[in-house]
Amino acid sequence: MEKYNLKDLDVKKLNTNKGLLAILAKEPYNLSKALRFINYEKKLKKLQVELVKLQTWAIQNNERIIVVFEGRDAAGKGGAIRRITERINPRHIKIVALPKPTEEEKTEWYFQRYVNQFPRAGQMVFFDRSWYNRAVVEPVNGFCTEKQYDIFMNQVNDFERMITESGIILVKIYMSISKSEQAERFEDIKTDPLKHWKMTAVDEKAQDLWDVYTRYKKLMFENTQKGGIPFKVIKANRKTIARVNAIEYILSAIPYDKNLKI
């Protein structure tokens, strides 16, 4: 039997409804893991209070905010966005995860369908993948031509400059996971009937194309050094830590009134 050296405060945390639920959530029982989850929940709640302040500030000041989440398949982008948005006013947010473009959209300026989703005054928009599909996913999987890729890479920094110069606050996050972690998450998706819908044909090829994804990812990062807005890279092998770090970065990147009373 595993022995634990628990402090009095740890025992108090475990001897609560949340603590007991955390202990009993999975077998074999793991008190250390249960404590980490309780501490994560406590930290998350504090950060979510700050997110409410941020949103209130944005509404009061007619701010427009875009938060872009990029990363490999199964990197935890959607989960992070859910934790960010679950306590704030849904009337003033929008979560965007666009499907593949329609035939009509393919004839338009590439950025057009993303611009159509941009925030109005007082609104926050979260992109679960964004226009950066053309920087990585599309060239890796042959969904765009080399010319289309080159045009995108030449235009994207100017596009984002126009966004920010128009007064929109743009935050860019890249969730980074290891190859082995991705494989483990894919296996979990495949064996869980409630998650089957998450697995796509693109996901099925992701492990085989890992190195190609890496090459295009590096080119995407390098392109931001030519006058673009850099990504904040967040290590995401541990989902709970990644979610906390993503929220903390958003709060640090947006100059909201931290003394605002709500």
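This talk goes through a predicted model of a single chain, from its overall make-up to a few local sites.

I'll start with the whole chain. The secondary structure comes to 12 helices and 5 strands. There are 262 residues, and 44% of them count as buried. As for contacts, take those between residues at least 6 apart in sequence: 75% of them join residues at least 24 apart.

Next, helix packing. Two packed helices are described by the angle between their axes and the distance between the axes. The pair I picked is helix 8 and helix 11, the latter being residues 210–224. Their axes come within 9 Å and cross at roughly 35°. The crossing of helix 8 and helix 11 is right-handed. From helix 8, the contact uses Tyr-149, Met-153, Val-156 and Asn-157. From helix 11, the contact uses Tyr-216, Leu-219, Met-220, Asn-223 and Thr-224. What kinds of residue make up the contact of helix 8 with helix 11? There are 6 nonpolar and 3 polar residues, and no charged ones.

Staying with helix 8 for a moment, Ile-151 is also found there. Ile-151 is partly exposed, because its relative accessible area is 38%, and the cut-off for buried is under 20%. Its C-alpha is 9.9 Å from that of Arg-134, and the two residues are 17 apart in sequence.

Arg-134 comes up again with Cys-144. Cys-144 sits in the loop between helix 7, residues 137–141, and helix 8, residues 146–165. Is Cys-144 buried or exposed? It is buried, since its relative accessible area is 13% and anything under 20% counts as buried. Cys-144 and Arg-134 are 10 residues apart along the chain, and their C-alpha atoms are separated by 7.3 Å. Leaving out residues up to four places away in sequence, Cys-144 touches Arg-134, Glu-138, Pro-139 and Tyr-149. Tyr-149 is one of the helix 8 residues in the contact with helix 11.

At the other end of helix 8 there is Ser-166, in the loop between helix 8 and strand 4, residues 168–176. Ser-166 is partly exposed, with a relative accessible area of 40%. Its C-alpha lies 9.8 Å from that of Arg-64, and the two are 102 residues apart in sequence.

Now the aromatic rings. A pair of aromatic rings is described by the distance of the centres and the angle of the planes. The count comes to 22 aromatic pairs. I'll show two of them, both with Phe-118. In the pair of Phe-118 and Phe-127, the ring centres are 6.5 Å apart and the planes stand at 75°, so this pair is edge-to-face. Both Phe-118 and Phe-127 are buried. In the pair of Phe-118 and Phe-159, the centres are 6.2 Å apart and the planes are at 40°, so this pair is tilted. What does the pair of Phe-118 and Phe-159 tie together? Phe-118 lies in the loop between helix 6, residues 112–115, and strand 3, residues 123–128, while Phe-159 is in helix 8, so the pair ties together parts 41 residues apart in sequence. Phe-159 is buried, as is Phe-118.

Two charged side chains sit over rings. Arg-72 lies over the face of Trp-210, at 3.5 Å from the ring centre. Lys-172 lies over the face of Phe-231, at 4.6 Å from the ring centre.

Last, backbone and loops. Asn-62 is not a glycine, yet has a positive phi of about 55°. Asn-62 is in the loop between helix 3, residues 31–60, and strand 1, residues 64–71. It counts as exposed because its relative accessibility is 51% and the cut-off is over 50%. Arg-129, also not a glycine, has a positive phi of about 75°. Arg-129 lies in the loop between strand 3 and helix 7. At 17% relative accessibility, Arg-129 counts as buried.

Ser-130 lies in the loop between strand 3 and helix 7 as well. How accessible is Ser-130? Its relative accessibility is 0%, so Ser-130 counts as buried. With neighbours within four places in sequence set aside, Ser-130 is in contact with Val-68, Glu-70, Tyr-110 and Tyr-114.

That is where I'll stop.

Conventions:
Residues numbered from 1 in each chain as written. Predicted model: local features only at pLDDT ≥ 70, side-chain atom pairs only at ≥ 80, totals over all residues. Heavy atoms only, no water. Helix = DSSP H or I, 4+ residues; strand = E, 2+ residues; numbered from the N terminus. Buried < 20%, exposed > 50% of the residue type's maximum accessible area, 1.4 Å probe, protein only. Contact = heavy atoms within 4.5 Å. Phe/Tyr/Trp six-rings, centres within 6.5 Å; stacked < 30°, edge-to-face > 60°. Lys NZ or Arg CZ within 6 Å of the ring centre and 35° of its normal. Axes fitted to C-alpha atoms, helices over the stretch in contact; angles between N-to-C directions. Left-handed = near helix turned anticlockwise from the far one by under 90°. Nonpolar A, V, L, I, M, F, W, Y, C, P; charged D, E, K, R; others polar.
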